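Thanks for coming, everyone. Let me put the structure up, and then I'll walk you through it.

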Amino acid sequence: MKADKDYRDAPAKEVVDLHVFFEDWFRGSCENNEQVWGERLHARMDEDFYIVLPGGHGLSGSGFWPEMQGLYGSNPDFQINIRNIQQRPCSQGDWVILTYEEWQKGAKYSTPPNNARVATAILIKDASAPNGLRWVHVHETWLPPEQLSAESFDW
């Protein structure tokens, strides 16, 4: 997993840490057991987590987790590069809103396999969660082809 810079603040670190897990999971480079799954994914997620995938399909966590769990080790060449993490203003004290770009290389289940998306994520502060934040909602949108062709997938 690569990021465009060394993110140290808790919200940005949380984005990077979660995507390190995704890369490890798809590649099969972490153990496949309930402890890893619980500590590296579920401990980060709100019970009402919801994601809108870049093609527009939305899933609750209860629909997303079984699919994700079944993909362990299915994509050994998968790589992620997180870029342009930005925290957005939010007047609600316990909420954090972020945007970031997720660039994927060798993504076996996406077309094209080298692709990128921009995501907006809503997290809530929770001292019991890794990095003190719990994921509530993510909305991903494909980046346009002209942006993909102007950038490099060499990382």
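Start with Gln104. This is a predicted model, and in it Gln104 has a relative accessible area of 6%. The cut-off for buried is under 20%, so Gln104 counts as buried. Its place is in strand E5.

What does Gln104 touch, once neighbours within four places in sequence are left aside? Phe78 and Gln79 are on the list. So are Ser110, Pro113, Asn114, Asn115 and Arg117. Phe153 and Trp155 complete the list. Now look along the chain to Cys90. Gln104 and Cys90 are 14 residues apart in sequence, and their C-alpha atoms are separated by 29 Å.

Gln104 also brings us to the largest pocket. Its volume is about 590 Å³. The lining has 31 residues. Which of them lie nearest the pocket centre? Gln104 is one of them, along with Phe26, Leu53, Phe64 and Arg117. Several elements give two or more residues to this lining: H1, E2, helix H3, residues 61-69, strand E5, residues 95-105, and E7. As for character, the lining divides into 20 nonpolar residues, six polar and five charged.

Keep Arg117 in view. We have met Arg117 as a contact of Gln104 and near the pocket centre. Arg117 also forms a salt bridge with Glu140, with 3.2 Å between the closest N and O atoms. Arg117 is in strand E6, residues 115-125, and Glu140 is in strand E7, residues 133-142, so the bridge ties together parts 23 residues apart in sequence. Buried or exposed, this Arg117? Buried, at 6% relative accessible area. Glu140 is buried as well, with 7%.

On to the other salt bridges. How many does a search of the whole structure find? Nine. I'll pick out two more.

First pick: Arg44 and Glu14. Their side chains meet at 2.5 Å, N to O. This pair links distant parts of the chain, 30 residues apart. Glu14 is in helix H1, residues 10-27. Arg44 is in the loop between helix H2, residues 34-40, and strand E2, residues 45-52. Both Arg44 and Glu14 are buried. They also belong to a network of salt bridges, which links Lys13, Glu14, Asp17 and Arg44.

Next pick: Arg83 and Glu151. Here the N to O distance is 3.3 Å. Arg83 sits in strand E4, residues 79-88, and Glu151 in the segment after helix H4, residues 145-150. That is a link across 68 residues. How do the two partners compare in burial? Arg83 has 10% relative accessibility and counts as buried. Glu151 is partly exposed, at 37%.

Next, the nonpolar packing. The largest nonpolar core has 35 residues. Those with the most contacts inside this core are Phe21, Leu41, Phe49, Ile85, Tyr100, Trp135 and Val138. Which elements each supply at least two residues? H1, H2, E2, H3, E4, E5, E6 and E7. H1 gives the most, with eight residues.

Take Leu41 as a sample. Not counting residues up to four places away in sequence, Leu41 touches Leu18, Phe21, Phe22, Val36 and Trp65. Apart from the largest core lies another one, of five residues. Among them are Trp103, Ala116, Leu143 and Phe153. Phe153 is familiar: it is also a contact of Gln104.

Last topic, the backbone. Three places to check. One is the peptide bond from Thr111 to Pro112. Cis or trans? Cis, with omega near 0 degrees. Pro112 is in the loop between E5 and E6.

Then there is Asn84. Its phi is near 55 degrees, a positive value in a residue other than glycine. Asn84 is in strand E4. The relative accessible area of Asn84 is 37%, so this residue is partly exposed.

And Asn131. Again a positive phi, about 60 degrees, and again not a glycine. Asn131 lies in the loop between E6 and E7. With 26% relative accessibility, Asn131 counts as partly exposed.

To close, go back to Gln104. Gln104 is buried, in strand E5, and among the residues nearest the centre of the largest pocket. Arg117 is on that list too, with its bridge to Glu140. That's my tour. Over to you.

Note on methods:
Residues numbered from 1 in each chain as written. Predicted model: local features only at pLDDT ≥ 70, side-chain atom pairs only at ≥ 80, totals over all residues. Heavy atoms only, no water. Salt bridge = Lys/Arg side-chain N within 4 Å of Asp/Glu carboxyl O. Helix = DSSP H or I, 4+ residues; strand = E, 2+ residues; numbered from the N terminus. Buried < 20%, exposed > 50% of the residue type's maximum accessible area, 1.4 Å probe, protein only. 1 Å grid on protein atoms, 1.4 Å probe; cavity = no way out; pocket = protein on both sides within 12 Å on 5 of 7 lines; lining within 4 Å. Points joined across faces, edges and corners; volume = space filled by probe spheres on them. Nonpolar A, V, L, I, M, F, W, Y, C, P; charged D, E, K, R; others polar. Core = buried A, V, L, I, M, F, W, Y, C linked by side-chain atoms within 4.5 Å. Contact = heavy atoms within 4.5 Å.
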